[in-house]
Amino acid sequence: MLTPRAWTTMQSQWAAELIPDAPVGRVLELCAGAGHIGLLAVWLANRPLVCVDLNPAACELTQVNASMAGLADDVEVHCGDLAEVVPSEQFGVVIADPPWVPAAETQRFPEDPLLAIDGGEDGLSVARLCLAVAAERVADGGHVLIQLGSSEQAQRLSSEGCADSLRLIEIRDGERGVVARFDRVA
């Protein structure tokens with residue numbers, strides 16, 4: 001079990017600030033891990049949550065954590081490839097915590113499971129997929145908050161156009177990375 005890091009708590013709090021004025025709909029958390037980011041966000045802002053992760057053990061932990069937080073009735077967990085298991089509905093806010101470490105640098109973080117940190121050759125493989133899925137699922141006027149390793153990664157995702165309907169709005173620094181906010185533009 002992970003104790004939320006300060007910057008993951010920052011992502012939760014930022015999401016909780018956005019949720020009340022976001023379009024109607026549940027909150028979606030991609031690459032949810034144990035669900036701690038999304039669970040804290042919806043606990044603070046009182047909206048239902050859908051968590052998606054590839055790892056069955058992480059999905060089980062999300063369900064346990066939701067129960068322990070008294071949120072079991074408001075949390076739905078989907079386990080599998082996020083390109084395949086995200087419900088086809090519109091979400092007001094999407095939270096993503098994809099692996100963002102370049103594959104050649106994963107040894108810098110020996111305490112983290114490889115599946116949770118290996119972002120492929122340039123560190124952005126899963127982040128690109130998260131933004132593509134988010135672009136399809138976030139409602140007009142909705143928000144996407146994605147954790148990345150650096151502002152440069154956020155700028156690169158924005159410039160690549162991997163999600164043309166999303167516009168980079170703001171980047172906030174954390175002690176080990178950044179959280180970038182993308183908004184859905186019509």
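Here are some friendly notes on the predicted model shown above.

1. **Overall build.** Start by tracing the chain from one end to the other. You should find seven helices and seven strands. Their order along the sequence is α-β-α-β-α-β-α-β-α-α-β-α-β-β. The radius of gyration is 15 Å, close to the 16 Å that the globule rule gives for 186 residues, so the chain is as compact as a globular protein of that length. Along its principal axes, the C-alpha trace spans about 40 × 40 × 30 Å.

2. **Inside and outside.** What share of the chain counts as buried? For the 186 residues, the figure is 51%. Contacts add to this picture: among those with a separation of 6 or more, 70% link residues 24 or more positions apart. As for the surface, the chain exposes about 8500 Å², and carbon and sulfur atoms supply 51% of that area.

3. **Charges.** The chain carries 12 positive and 27 negative charges. If you take the mean position of each group, the two points are 5 Å apart.

4. **Cysteines.** How many disulfides does a search of the whole structure find? The count is zero. Take Cys51, which is in no disulfide: the nearest cysteine sulfur belongs to Cys59 and is 8.6 Å away. A disulfide needs the two sulfur atoms within 2.5 Å, so this pair does not count as one. Cys51 is buried, with a relative accessible area of 0%, and Cys59 is buried too, at 5%.

5. **Helix H2.** Now look at residues 36–45, which form helix H2. Is this helix largely enclosed or largely open? Seven of its 10 residues are buried, so H2 is largely enclosed by the rest of the structure. The buried ones are His36, Ile37, Gly38, Leu39, Ala41, Val42 and Ala45. It helps to remember that an α-helix has 3.6 residues a turn, so residues three or four places apart point the same way. Just after H2 comes Asn46, which takes a positive phi of about 55°.

6. **Arg172.** This residue is found in strand S6, which covers residues 166–173. Arg172 has a relative accessible area of 26%; buried means under 20% and exposed over 50%, so Arg172 is partly exposed. Which residues does Arg172 contact, leaving aside its neighbours within four places in sequence? They are Met10, Trp14, Glu17, Gly177, Val178 and Val179. You can also find Ser150, 22 residues from Arg172 along the chain; the C-alpha atoms of the two are separated by 9.7 Å.

Definitions and conventions
Residues are numbered from 1 along each chain as its sequence is written. This is a predicted model: local features need pLDDT of at least 70, side-chain atom pairs count only at pLDDT 80 or more; totals for chains, interfaces and linings use all residues. Side-chain values use heavy atoms; hydrogens and water are left out. Helices (H or I, at least four residues) and strands (E, at least two) are DSSP runs, numbered from the N terminus. The radius of gyration is taken over C-alpha atoms; the globule rule is 2.2 Å times the number of residues to the power 0.38. Buried means under 20% relative accessible area, exposed over 50%, partly exposed in between (1.4 Å probe, protein chains only). Contact means heavy atoms within 4.5 Å. Accessible areas come from the Shrake-Rupley method with a 1.4 Å probe; for residues, only the protein chains shown count as cover. Lys and Arg count as positive and Asp and Glu as negative; His and the chain ends are not counted. The place of a charge is taken as NZ of Lys, CZ of Arg, CG of Asp or CD of Glu.
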